[in-house]
Amino acid sequence: MKYISTRGQAPELSFEEAMLTGLARDGGLYLPAEIPVMSQDDIAALAGQPYEEIAFRVMWPYVSGSFAEDEFKEIIARAYEGFGHDARAPLKQLNENHFLLELFHGPTLAFKDFAMQLIGQLFQVALKRRGERVTIVGATSGDTGSAAIDAFRGLDAVDVFILFPHGRVSEVQRRQMTTPADSNVHALAVDGDFDDCQAAVKDMFNDFEFRDGVKLAGVNSINFARVLAQVVYYFSAATSLGAPHRKVSFTVPTGNFGDIFAGYIAKRMGLPIDRLVVATNQNDILHRCLSGQGYFKGDTIPSISPSMDIQVSSNFERALYYAYGEDGSAVAQLMDELKQGGFNVSQGAMEALSENFDSGRVSEDETLATIKATLAHSAELVCPHTAVGIKVAEDHRVTDVPMITLATAHPAKFPAAVEKASDVHPPLPSRMSDLYERPERVTRIANDLGALEDHIKRHIAE
Ligand SMILES: *Cc1c(COP(=O)(O)O)cnc(C)c1O
């Protein structure tokens, strides 16, 4: 499989090259040149299989030129062995026709572990074979960074630097980044917000001298390997509810559009998904755009679902690429307009988006009320991001199609909001109950590209 850029001006790469590169050199995002389609029989045969087996069958066509079959099976096995639930992504029923897909049983209690644990093993195997080392730099609003640090800690082919906004991540998120003792992982508390951190990482990728000097690699959700890992649980969930013989819909608490875009890929692969519903908090640029109001940046307003506090959803570029008929130059032009504040989506592209996506926005009060109501009516304590999803899903649910809401984080990752809503303090799973006692290691640093690059150069292993 070859990988191409959404902006049409970067060289085609193999899976391994696209994974190790992250952002394309024309500023675009990599996508497979063609999306493989699974037959209805092959999809039906996934029902009842272990998660790892489903992962292998769904992802194999995308990676087969880069990894051997047994090697890839071992990578998958290692990626998910640290999860706290044998099903990896269990489904729970909320009411007649509404289900919760629990994606928080990984080592850092958010869905990002599904992709990051896999990518850690993929990087390690690929780099060992090439005899190379890379420096991974990522920006996080909390969950990506903790997932990356856990996935790469102790691997000898990588150094990892994670930029997070100082004072703006939850204590559990911060501790998950600052307590691993491995010398190849580094947490950097930046004086700025998430968009500043994300912009700094983008600037490092565009500083080709620095990029090549430290062999920069990215694992933010723009990395296609991450999207691919997330495609798997759409298949496991849908087939356990009767797909391909029955359609299902998904509602996805959305920030950077990576998770829901994986659902779109699953649909293009032949999984009978009826609707893909984007759920946003008060940072609702995607909801406004999908409601026909154009894609215009505002200011990020901090919320109780901080992993969705985003103004520019990087992966939306991939959806636009398909909505604009795979026209890279049209996408490049939109992204230029975005630098000036935003753009309107053409009528044809809006129609293409509406064929697959719905959307809804949830206020802070509605989020708290949904946490409370879900505990009262379904005996489930949910995190604020999941609550945003549940509320939007209930608004979009129809009787004859099961709705699956993605439960993106464990409630114990966001204890303050959960307790405020429900009066219940969510305990950490016992396997990490000493998190608050472990010593922390973190560098506070100015929001300044020079200072950041200098720090990274001085701290990578020789
Ligand atoms: C990252 C994250 C999201 C948003 O996912 P995207 O792929 O960025 O849209 C939602 N909820 C939680 C808990 C997250 O960590």
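**Alanine 379 sits in the loop that runs between helix H16 (364-378) and helix H17 (384-396).** The model shown is predicted, with pLDDT of at least 70 required for local features and 80 or more for side-chain atom pairs, while totals for chains, interfaces and linings use all residues. Residue numbers start from 1 along each chain as its sequence is written, and side-chain values use heavy atoms, with hydrogens and water left out. Helices (H or I, at least four residues) and strands (E, at least two) are DSSP runs, numbered from the N terminus. Phi of alanine 379 is near 60°, a positive value in a residue other than glycine. The relative accessible area of alanine 379 is 61%, so the residue is exposed. Throughout, buried stands for under 20% relative accessible area, exposed for over 50%, and partly exposed for values in between (1.4 Å probe, protein chains only).

**Phenylalanine 257 has a positive phi and is not a glycine.** Its phi is near 70°. Phenylalanine 257 belongs to the loop between E9 and helix H11 (258-268). With a relative accessible area of 1%, phenylalanine 257 counts as buried.

**A cis peptide bond joins alanine 243 to proline 244.** The omega angle of this bond is near 5°. Proline 244 is part of the loop that links helix H10 (224-240) to strand E9 (248-253).

**Helix H7 (residues 171-178) is mostly covered.** Six of the eight residues of H7 are buried. They are Val172, Gln173, Arg175, Gln176, Met177 and Thr178. The packing partners of these buried residues are two helices, H6 (143-152) and H18 (415-422), and two strands, E6 (158-165) and E7 (185-190). In an α-helix there are 3.6 residues a turn, so residues three or four places apart point the same way.

**Leucine 13 occupies the loop between strand E1 (3-5) and helix H1 (15-21).** Its relative accessibility is 13%, which means that leucine 13 counts as buried. Apart from neighbours within four places in sequence, leucine 13 is in contact (heavy atoms within 4.5 Å) with Met1, Lys2, Tyr3, Ala18, Thr21 and Tyr30. Leucine 13 and proline 32 are separated by 19 residues in sequence and by 9.3 Å in space, C-alpha to C-alpha. An unreviewed UniProt entry carries the annotation "domain: Threonine synthase N-terminal" for residues 2-80. UniProt positions follow the numbering used here, feature names are shortened, and annotations may be inferred rather than shown by experiment. Over residues 2-80, helix accounts for 47% and strand for 8% of the chain, and the end C-alpha atoms are 27 Å apart.

**Alanine 89 lies in the loop between helix H4 (69-80) and strand E3 (91-95).** The residue is buried, with a relative accessible area of 9%. Its contacts, neighbours within four places in sequence aside, are Tyr51, Leu101, Glu102, Leu103, Phe114 and Tyr233. Alanine 237 is 148 residues from alanine 89 in sequence, but the C-alpha atoms of the two are 7.9 Å apart in space. The feature "domain: Tryptophan synthase beta chain-like PALP" is placed by UniProt (unreviewed entry) at residues 92-331. That span is 44% helix and 20% strand, and its end C-alpha atoms lie 39 Å apart.

**Glutamine 293 is located in helix H12 (residues 285-293).** Leaving aside neighbours within four places in sequence, glutamine 293 touches Arg288 and Asn344 through contacts. Between the C-alpha atoms of glutamine 293 and asparagine 344 there are 7.3 Å in space, against 51 residues in sequence.

**The whole protein has 19 helices and 15 strands.** Its C-alpha atoms fill a box of roughly 60 × 50 × 50 Å along the principal axes. The radius of gyration is 20 Å, which agrees with the value near 23 Å for a compact globule of 462 residues. This radius is taken over C-alpha atoms, and the globule rule is 2.2 Å times the number of residues to the power 0.38. Of the 462 residues, 62% are buried. Among contacts between residues at least 6 apart in sequence, 75% join residues at least 24 apart. The protein exposes about 17000 Å², with 47% supplied by carbon and sulfur atoms. Accessible areas come from the Shrake-Rupley method with a 1.4 Å probe, and for residues only the protein chains shown count as cover.
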